[in-house]
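User: I would like to learn how to read salt bridges and helices in a protein model. Where should I start?

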Amino acid sequence: MTNYKKAYIEITNVCNLSCNFCPKTTRTPTFMTSDQFAQLARQVKPFTDYVYLHLMGEPLLHPQLDEILKICEILDLKVTITTNGTLINKKRELLLKSPCLYKVHFSLHSFEANDSGIALEDYVRDIVDFARCAADEGTINVLRLWNMDSAELKGSNRLNKDIIDLLEAEFGCVFSLRNALGQGRSGIKLLPRIYLEMAQKFQWPSLNAPVMGDEVFCYGLRDQFGILADGTVVPCCLDSEGTVDLGNAFDAPLKTILLSRRAERIYEGFTARKAAEQLCARCGYAQRYIK
């Protein structure tokens with residue numbers, strides 16, 4: 001049986017923000033129940049020990065997050081959460097006490113992409129405070145600024161300087177983070193188990209987007225797959241609409257879906273640097289792997 005590095009299980013596609021870099025979704029707003037999650041998690045476990053409670057949506061909004069984390073603990077699944085960070089204080093104790101929490105990704109670029117009404121200083125301080133405590137418990141924390149300009153896209157990054165200044169102050173940096181990251185590095189270690197990452201804004205895949213190039217490569221169905229909140233299995237974490245619908249894990253065994261001929265064609269296509277699906281040919285992120 002193929003081993004994957006991670007599986008994305010979207011416990012909700014509902015978010016408390018409306019980021020200007022997010023493609024949004026036209027799917028029905030859904031919160032996966034803890035029973036549904038348990039059904040999927042048991043199927044995922046033979047394939048990987050690592051689950052990401054995200055694809056679209058804000059996982060900290062989920063009213064049964066405590067039960068979901070407990071299920072992961074029982075199944076010995078290591079959990080990564082991607083969050084905009086605005087709800088971190090509300091879920092702080094739950095997350096800090098969860099032995100299955102492996103990593104937290106904080107999308108700091110979501111602050112400028114919204115009008116949240118939260119002071120930037122408070123936003124950054126709350127995240128840093130949590131990250132310090134979580135790191136002491138053994139959890140990895142990644143602070144992301146994925147809003148840099150690319151050749152094709154302009155990111156909302158006017159506040160990056162202010163955010164980095166606040167991070168330098170919070171962590172007592174004796175060097176300039178901007179200078180360090182400006183030397184061809186995309187990430188830097190701030191403290192043990194706390195990192196800062198910067199990356200360019202990318203074009204989410206869409207059937208309405210132009211074909212990106214002749215060559216395409218992706219790790220979808222190679223080291224990852226995703227399951228949307230309604231059970232739809234997709235090849236990767238960027239299929240926000242379930243366009244490449246491989247089947248529904250509530251209706252059919254996950255193993256059967258991942259070994260289907262359509263899934264095999266996608267894998268074989270990427271091996272040959274070709275897109276077997278129209279959506280994959282229109283994915284800006286996939287282009288990063290062939291440059």
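Analyst: Start with a definition: a salt bridge is a side-chain nitrogen of Lys or Arg within 4 Å of a carboxyl oxygen of Asp or Glu. Keep in mind that this model is predicted. The side chains of Arg-262 and Glu-277 fit the definition, with N and O 2.8 Å apart. This pair links distant parts of the chain, 15 residues apart: Arg-262 belongs to helix H8, and Glu-277 to the loop between H8 and helix H9.

User: Are Arg-262 and Glu-277 buried or partly exposed?

Analyst: Buried means under 20% relative accessible area, and exposed means over 50%. Arg-262, at 28%, is partly exposed. Glu-277 has 14%, so that residue counts as buried.

User: How many salt bridges does the whole structure have?

Analyst: The search finds 13. Some share partners: Arg-92, Glu-93 and Asp-129 are joined in this way into one network.

User: Which salt bridge partners lie 3 residues apart in helix H4?

Analyst: The general idea comes first. An α-helix has 3.6 residues a turn, so residues three or four places apart point the same way. In H4, Asp-122 and Arg-125 are about one turn apart, and their side chains form a salt bridge at 3.1 Å, N to O. Asp-122 is partly exposed at 37%, as is Arg-125 at 39%.

User: Where does Glu-73 find its salt bridge partner?

Analyst: The partner is Lys-70, with 3.5 Å between the closest N and O atoms. Both are in helix H2 and 3 residues apart, so about one helical turn separates them. Glu-73 is partly exposed, with 34% relative accessible area, and Lys-70 is also partly exposed, at 43%.

User: What length should helix H4 have, going by its 17 residues?

Analyst: Use 1.5 Å a residue. For H4, residues 120–136, the expected span is 24 Å; the end C-alpha atoms are 25 Å apart, which agrees.

User: Which residues of H4 are buried, and where do they lie around the helix?

Analyst: Among them are Leu-120, Tyr-123, Val-124 and Ile-127. Seen down the axis, the buried residues fall within an arc of 165°, so they line one face of H4. Their cover includes helices H3 and H5, and strands E4, E5 and E7. After H4 comes Gly-138, with a positive phi near 100°.

User: What does Ser-34 in helix H1 touch?

Analyst: Leaving out residues up to four places away in sequence, Ser-34 touches Gln-64, Glu-67, Ile-68 and Ile-71. Ser-34 counts as buried because its relative accessibility is 7%.

Conventions:
Residues are numbered from 1 along each chain as its sequence is written. This is a predicted model: local features need pLDDT of at least 70, side-chain atom pairs count only at pLDDT 80 or more; totals for chains, interfaces and linings use all residues. Side-chain values use heavy atoms; hydrogens and water are left out. Buried means under 20% relative accessible area, exposed over 50%, partly exposed in between (1.4 Å probe, protein chains only). Contact means heavy atoms within 4.5 Å. Helices (H or I, at least four residues) and strands (E, at least two) are DSSP runs, numbered from the N terminus. The expected span of a helix is 1.5 Å times one less than its number of residues. The arc is that of the directions from the helix axis to the C-beta atoms.
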